[in-house]
Amino acid sequence: MERNRIRPEHFQSWIDWAAEQRIGLDFNPTCFGHPMAASQLTLSHPDAAVRQFWVEHVRACRRIAAEMGRQLQTPCIMNIWVPDGFKDVTVDRAGARERLEASLNEALAESFPAQWMRDAVEPKLFGIGVESCTVGSAEFYLGYAIRHHLMLCLDAGHFHPTEVISDKISAVLQFVDEILLHVSRPVRWDSDHVVVLDDELRAIAREVVRQDLRRIHIGLDYFDGTINRLIAWVVGTRNMQRALLGALLEPAAEWTRLEQAFRNGRKLALMEEYRTLPLGAVYDWFCQREGVPVGAGYLRTVEEYERTVLSRR
């Protein structure tokens, strides 16, 4: 089935599986890896026929997302990212961005209940093959999200290596209603390594907890084809949980009081003391309470699954 003709019934097995698991689903258009995207241009392509193909694809994906949310009774986030850009010196940047805006307006024209689906748009600094100009830049999508009351996606790997998304969360939430986080671990740049419990993950979790949790949606965005995919999934998920738990256990109100009183020496001392408090013991108790393996106890189950199931695929 061509991408601009996909329909909800083509994904009914996904919906049925999610219903059995009692979980929700998110969805996104796939505007790459296709002959109509060979030039690295989709929604901003100068050829109207190419743009229309991708507009129809995004429309189709939004309908699928809405049906997923309707059946599963939890909103499906429909995140839009396109690879559009230019490798070499770019003359008409404005024209490309005008075409992208017009295509998005057309693709997003159909409305759906918020309890079924939410639209998000995802910026990027640059991609391989589009080093000179990324049409959907951070500034473009921030403005577009504010104007159209859309969710803005902040991907941990989509900015300059010296930038972090933890600092952007409170700034962006001043102007958009909701944000979607793609929590990843870029190594040098956008390589989406398995999430580890590093300083930036802890900083992201702190900002999530200190803001309005109802306005922030967390997605884990990583892969590593060199290791067992289930181990990667569990390691990354547990680290995100540990980071959020650590943020929830912090005496942030006390630290804020000291900060506002300009008692920064005392604040720093107490924050450093907190670093070595036994977060692991609390997380082990949480796992025990939920009836899941504590520590690395899950490895035996994963390795058995790899031996009996994954190896036969």
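**Exercise 1. L245 and its surroundings**

Task: Which residues is L245 in contact with, leaving aside its neighbours within four places in sequence? Is L245 buried or exposed?

Solution:
- Start with the contacts in this predicted model. L245 touches L279, V282 and Y283, once neighbours within four places in sequence are set aside.
- Place the residue. L245 sits in helix 7.
- Check its accessibility. The relative accessible area of L245 is 18%. Buried means under 20%. L245 is therefore buried.
- Add a distance. The C-alpha atoms of L245 and R206 lie 9.4 Å apart, with the two positions 39 residues apart in sequence counting.

**Exercise 2. Helix 6**

Task: What span is expected for helix 6, and what span does helix 6 reach? Which of its residues are buried, and what do they pack against?

Solution:
- Count first. Helix 6 covers residues 199–210, twelve residues in total.
- Apply the rise of 1.5 Å a residue. The expected span is 16 Å. From first C-alpha to last, helix 6 reaches 16 Å, close to that expectation.
- List the buried side. L201, A203, I204, A205, E207 and V208 are the buried residues of helix 6.
- Find their partners. Two are helices: helix 5 (166–172) and helix 7 (229–249). Two are strands: strand 6 (179–183) and strand 9 (216–220).

**Exercise 3. Helix 3**

Task: What end-to-end distance should helix 3 have at 1.5 Å a residue? Where do its buried residues pack?

Solution:
- Helix 3 runs over residues 93–107 and has 15 residues.
- At 1.5 Å a residue, helix 3 should span 21 Å. Its end C-alpha atoms are 21 Å apart, so the two values agree.
- Now the burial. G95, A96, L100, S103, L104 and A107 of helix 3 are buried.
- These buried residues pack against helix 2 (48–72) and helix 4 (138–148). They also pack against strand 1 (76–80) and strand 2 (85–86).

**Exercise 4. Helix 4 and a surface patch**

Task: Which residues make the nonpolar surface patch of about 270 Å²? How far apart are the C-alpha atoms of H148 and H193?

Solution:
- The patch is built from L142, I146 and F175.
- Take I146. I146 belongs to helix 4. Its relative accessibility is 33%, so I146 counts as partly exposed.
- Take H148. H148 also lies in helix 4. With a relative accessible area of 31%, H148 is partly exposed.
- Compare sequence and space for the histidines. H148 and H193 are 45 residues apart along the chain, and their C-alpha atoms are separated by 32 Å.

**Exercise 5. Salt bridges**

Task: How many salt bridges does the count come to? Which parts does the R63 and E110 pair tie together?

Solution:
- Recall the principle. Side chains of opposite charge can pair when their charged atoms come close.
- The cut-off is 4 Å from a side-chain nitrogen of Lys or Arg to a carboxyl oxygen of Asp or Glu. By this rule, the count is 19 salt bridges.
- First pair: E9 and R7 meet at 2.6 Å, N to O. E9 has a relative accessible area of 48% and is partly exposed. R7, at 39%, is partly exposed.
- Second pair: R63 and E110 meet at 2.9 Å, N to O. R63 lies in helix 2, and E110 lies in the loop between helix 3 and strand 3 (117–121), so the pair ties together parts 47 residues apart in sequence. R63 is partly exposed at 41%. E110 is partly exposed at 32%.
- Third pair: E272 and R275 meet at 3.0 Å, N to O. E272 is partly exposed, at 39%. R275 is exposed, at 56%.
- A network also forms. R206, R210 and E250 are joined by salt bridges that share partners.

**Exercise 6. The whole chain**

Task: What radius of gyration would a compact globule of 313 residues have, and what does the protein have?

Solution:
- A compact globule would be near 20 Å. The protein has 21 Å, which agrees.
- The C-alpha atoms fill a box of roughly 60 × 55 × 40 Å along the principal axes.
- Inventory the elements: eleven helices and nine strands.
- Buried residues make up 42% of the 313 residues.
- Take contacts with a separation of 6 or more. Residues 24 or more positions apart account for 76% of them.
- The accessible surface is about 17300 Å², and 54% of that belongs to carbon and sulfur atoms.

Note on methods
Residues numbered from 1 in each chain as written. Predicted model: local features only at pLDDT ≥ 70, side-chain atom pairs only at ≥ 80, totals over all residues. Heavy atoms only, no water. Helix = DSSP H or I, 4+ residues; strand = E, 2+ residues; numbered from the N terminus. Expected span 1.5 Å × (residues − 1). Buried < 20%, exposed > 50% of the residue type's maximum accessible area, 1.4 Å probe, protein only. Contact = heavy atoms within 4.5 Å. Patch = residues over 30% accessible without salt bridge, like charges linked within 9 Å, V, L, I, M, F, W, Y side chains within 5 Å. Areas by Shrake-Rupley, 256 points an atom, 1.4 Å probe, with all protein chains shown as cover. Rg over C-alpha atoms; globule rule 2.2 N^0.38 Å.
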